[in-house]
Amino acid sequence: MIFRLCCLVAALLLAGPVQADERVAFDQWLAELRAKALTIGIRPEILDAALAYVRYDEGVVQADRNQPEFKQTFDDYMRSRVSDARIRMGQEKIREHWDDLQAVGAAYGVQPRFIAAIWGIETNYGRYTGGKNVVQSLVTLAYDPRRSEYFRKELLEALQILNEGHISPEKMKGSWAGAMGQPQFMPSSFRAYAEDFNGDGRRDIWTTPVDVFASIAKYLKNYGWQDNRTWGRRVQLPADFDARIAAQGLGAPMDRCALREHLGDLSLDQWQALGVRRSDGRALPKVAINASLVRPAGDGGPAFLTYGNFRAILRYNCSNFYALAVGHLADALKFRGGGGYSAQ
Ligand SMILES: [Ca+2]
């Protein structure tokens with residue numbers, strides 16, 4: 001008992017000064033950040049409003065540290081992301097917003113079903129945008145040493161967005177990592193791609209659907225979207241496919257994130273010659289485009305030929321699972337009555 005009391009007293013003595021030092025260090029850091037923000041033209045009243053009540057948010061750091069190692073299987077991922085409920089809701093949302101989606105689609109050259117699919121996968125059509133104060137999350141991640149340089153840049157971009165008056169600090173909500181609003185843009189993506197399509201002077205990706213649609217479309221278009229093409233398709237491979245691929249010496253098309261898991265960058269004619277067919281066994285389309293092959297569940301699992309638009313989706317989130325979910329949801333939204341993802 002005496003030992004435990006001693007420990008308790010020692011812990012109390014230690015905790016006080018350490019926490020106080022931490023607070024001083026954080027306050028100094030914040031003061032320095034504020035000085036930097038002033039030098040790039042952010043108005044003092046914006047900084048007063050945005051930074052007055054920010055604190056170091058331990059929950060954000062925990063979330064950053066504890067990103068799941070466990071990876072869902074491809075089938076589980078697709079079933080959860082491209083569920084019947086999400087398809088039904090997407091069809092309703094497309095009906096509800098058809099005029100806006102069509103106007104944006106025509107202006108940017110992106111089919112409305114792909115805009116809706118990204119909207120649906122990112123935030124369930126704007127329903128789950130994350131309730132975190134973006135400035136507080138970014139302040140925390142910029143102060144935390146793990147990726148401080150990246151998040152400090154994003155924080156300064158976020159302050160610029162506030163300075164331009166697109167949103168007020170208390171309404172600037174997003175994920176714990178600072179991804180904002182219905183399309184989940186990081187502040188740097190907002191600055192580059194967010195659009196004010198309804199012309200009210202604010203690029204509002206939080207509450208104005210047509211601005212959300214235009215922002216997603218501009219992002220995809222910037223990365224080479226072509227609206228006379230789709231994302232790719234599921235294919236059948238011949239039994240001796242891997243031997244044929246080895247003989248060709250085909251490797252990954254690019255050394256960039258998810259493309260490292262793709263094979264080849266060949267024309268559809270060349271894939272046809274390698275024995276690849278549509279999933280129903282018919283010949284591949286006679287279209288002069290290149291495609292790379294991805295098998296997200298590994299050898300023996302489902303195979304997909306993916307086109308240039310797939311790479312634009314990967315720019316949004318560099319994960320083959322993600323891009324395949326967007327592609328399948330877009331297909332389901334096009335072919336009304338099409339069900340959710342099926343492993344068959
Ligand atoms: Ca607007």
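**Contacts, core and strands in a predicted model**

Modeller: In this predicted model, residues 24 or more positions apart account for 69% of the contacts in the protein chain with a separation of 6 or more.

Biologist: What makes two residues such as Ile115 and Phe213 count as touching?

Modeller: Two residues are in contact if their C-beta atoms lie within 7 Å. Ile115 touches Phe213, and also Leu101, Val104, Gly105, Val110, Ile216 and Ala217, leaving aside residues up to four places away in sequence. Each of these pairs therefore meets the cut-off of 7 Å.

Biologist: Why is Ile115 called buried as a member of the largest nonpolar core?

Modeller: Members of a nonpolar core are buried residues, and a buried residue has 20 or more other C-beta atoms within 10 Å of its own. Ile115 belongs to the largest core, of 84 residues, so it satisfies that count. Within this core, Ile115 and Leu329 touch the most other members. Helix 15 (residues 320-334) supplies the largest share, nine residues.

Biologist: How do you know that this core lies between domain 1 and domain 2?

Modeller: Domain 1 (20-65 + 130-211) and domain 2 (232-306) both give residues to the core, so it lies between them.

Biologist: Why are strand 3 and strand 7 said to pair?

Modeller: Pairing requires at least two bridges. Strand 3 (residues 232-236) and strand 7 (residues 303-306) have four bridges, in the antiparallel sense, and therefore qualify. Valine 235 has alanine 303 of strand 7 as its bridge partner.

Biologist: What makes strand 6 a partner of strand 7?

Modeller: Strand 6 (residues 290-294) and strand 7 share three antiparallel bridges, so the requirement of at least two is met. Here leucine 293 stands opposite leucine 305 in strand 7.

Conventions. Residues are numbered from 1 along each chain as its sequence is written. This is a predicted model: local features need pLDDT of at least 70, side-chain atom pairs count only at pLDDT 80 or more; totals for chains, interfaces and linings use all residues. A nonpolar core is a set of buried Ala, Val, Leu, Ile, Met, Phe, Trp, Tyr and Cys residues joined through C-beta atoms within 7 Å. A residue is buried if 20 or more other C-beta atoms lie within 10 Å of its own, exposed if 12 or fewer, and partly exposed in between; C-beta atoms are placed from the backbone. Domain bounds come from an automatic or database domain assignment.
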